Amino acid sequence: MMKSFRVGIIGATGMVGQRFAILLENHPWFHVTLLAASARSAGKTYAQAVGERWAMPKPIPASMRELVVQDAAQVEQIAAQVDFVFCAVDMPKEEIKKLEEAYAKAECPVISNNSANRSTPDVPMIVPELNGEHAEVIAAQRKRLGTRRGFIAVKSNCSLQSYVPALHPLMDFGVTEALVCTYQAISGAGKTFATFPEIADNVIPYIGGEEEKSEQEPLKIWGTLDMEQGRILPAEKPSITAQCLRVPVSDGHMAAVFVRFAQKPSMEEIKARWAAFRGAPQELALPSAPKQFLHYFEEPDRPQTRLDRDLENGMAVSIGRLRPDSQYHYKFVCLSHNTCRGAAGGAVLMAELLAAKGWLD
């Protein structure tokens with residue numbers, strides 16, 4: 001039987017922090033005992049600190065409403081009260097790196113939703129179904145940090161949580177090139193329609209830093225573990241080019257994918273790979289794991305954001321419209337829930353995998 005962990009949410013008042021609160025409300029292993037945010041929220045109850053900014057479809061969890069929010073900068077004080085923390089703060093990148101390392105050095109593991117440490121060579125960036133073995137690099141990271149228990153593990157950017165899982169089961173056909181256009185929901189910017197009026201009847205063809213992340217982060221996910229050097233070496237292929245647009249959708253990131261192979265599979269082989277694909281979360285029956293990770297829709301007009309983003313509690317990936325392409329070998333469309341699978345839910349699932357493998361003991 002899995003032990004119970006005391007968990008803190010750092011950045012609890014933001015959009016992703018709120019999603020963490022919802023997902024962890026009745027979690028069988030992880031029990032939220034501490035909420036932290038900026039100094040301006042410290043000292044208030046969670047309900048007071050969030051106020052009218054609560055953006056989730058469900059109400060604030062009753063077990064957290066009256067928790068008094070602590071100052072996230074009080075690292076030693078917070079680390080003494082929890083077994084590990086989820087981190088989703090809105091701060092400059094260098095400040096986030098400093099904060100996360102401070103928690104790790106206080107012997108408090110950090111499961112991060114932030115981008116600050118994604119390029120750090122000894123910090124694993126884990127999509128649980130794809131590269132859980134990268135957790136082994138934690139041993140090298142602990143040696144660098146001088147910690148016994150503390151470490152940082154990160155989840156990848158939310159925009160690639162649909163197309164990278166869809167490409168992963170096809171990698172042994174030799175994926176050489178991929179072109180990806182993502183159509184990203186406003187919650188990815190921490191916005192709602194009430195707080196983002198300029199998105200109404202509009203598409204914004206720019207999301208700062210998103211295209212670089214979409215092109216580079218998959219190579220770390222597909223990278224190799226080099227324990228001699230204590231780091232993850234990014235893969236050299238495939239070559240990925242991306243264009244990212246903000247669209248007037250509340251939740252759900254969609255991607256149009258064009259792909260070329262060294263050894264071109266048939267459409268039937270691709271669909272069979274998607275249907276059969278299972279990862280460690282499914283094998284271990286982790287609490288947040290979707291039973292079927294990749295779902296293919298035969299209907300010509302699916303997946304659709306409003307219909308399919310909540311598939312398997314928002315933790316599955318929907319795929320459709322696989323067909324030949326005149327420039328690449330194939331093209332298809334895929335969809336994932338950006339604050340569930342793409343953000344907080346992906347981090348919770350990663351923590352479940354790390355717990356199951358003993359990294360949080």
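This text walks through one helix pair and one sheet of a predicted model.

We begin with the helices. Two packed helices are described by the angle between their axes and the distance between the axes. Here the pair is helix H1, residues 15–23, and helix H14, residues 340–356. Their axes are 9 Å apart and meet at an angle of about 55°. An angle that is neither under 35 degrees, nor over 145, nor from 65 to 115 counts as oblique, and H1 and H14 are therefore oblique to each other. The crossing of H1 past H14 is right-handed. On the H1 side, the contact is made by Val16, Arg19, Phe20 and Leu23. H14 contributes Cys340, Ala343, Ala344, Gly345, Ala347 and Val348. Sorted by character, the residues of this contact are eight nonpolar, one polar and one charged.

We turn next to the sheet. The sheet is open and has six strands, in the order S10-S7-S11-S14-S13-S12, and its pairing is mixed. Strand S10 (239–246) and strand S12 (294–297) stand at the edges. Each of these two has a single partner strand, so one side of each is left without a neighbour in the sheet. From one strand to the next, the twist averages 20°.

The S12 edge can be followed in more detail. S12 runs parallel to strand S13, residues 317–324, and four bridges join the two. In one of these pairings, tyrosine 296 has isoleucine 319 of S13 as its bridge partner.

At the other edge, a helix comes into view. Helix H9, residues 210–221, lies across strand S7 (175–184) and S10. The direction of H9 is at about 145° to S10.

How values were computed. Residues are numbered from 1 along each chain as its sequence is written. This is a predicted model: local features need pLDDT of at least 70, side-chain atom pairs count only at pLDDT 80 or more; totals for chains, interfaces and linings use all residues. Side-chain values use heavy atoms; hydrogens and water are left out. Axes are lines fitted to C-alpha atoms, for helices over the stretch in contact, and angles run from 0 to 180 degrees between N-to-C directions. A crossing is left-handed if the near helix is turned anticlockwise from the far one by less than a right angle, and right-handed if clockwise. Contact means heavy atoms within 4.5 Å. Ala, Val, Leu, Ile, Met, Phe, Trp, Tyr, Cys and Pro count as nonpolar, Asp, Glu, Lys and Arg as charged, and the others, Gly among them, as polar. Two strands pair if DSSP finds at least two bridges between them.
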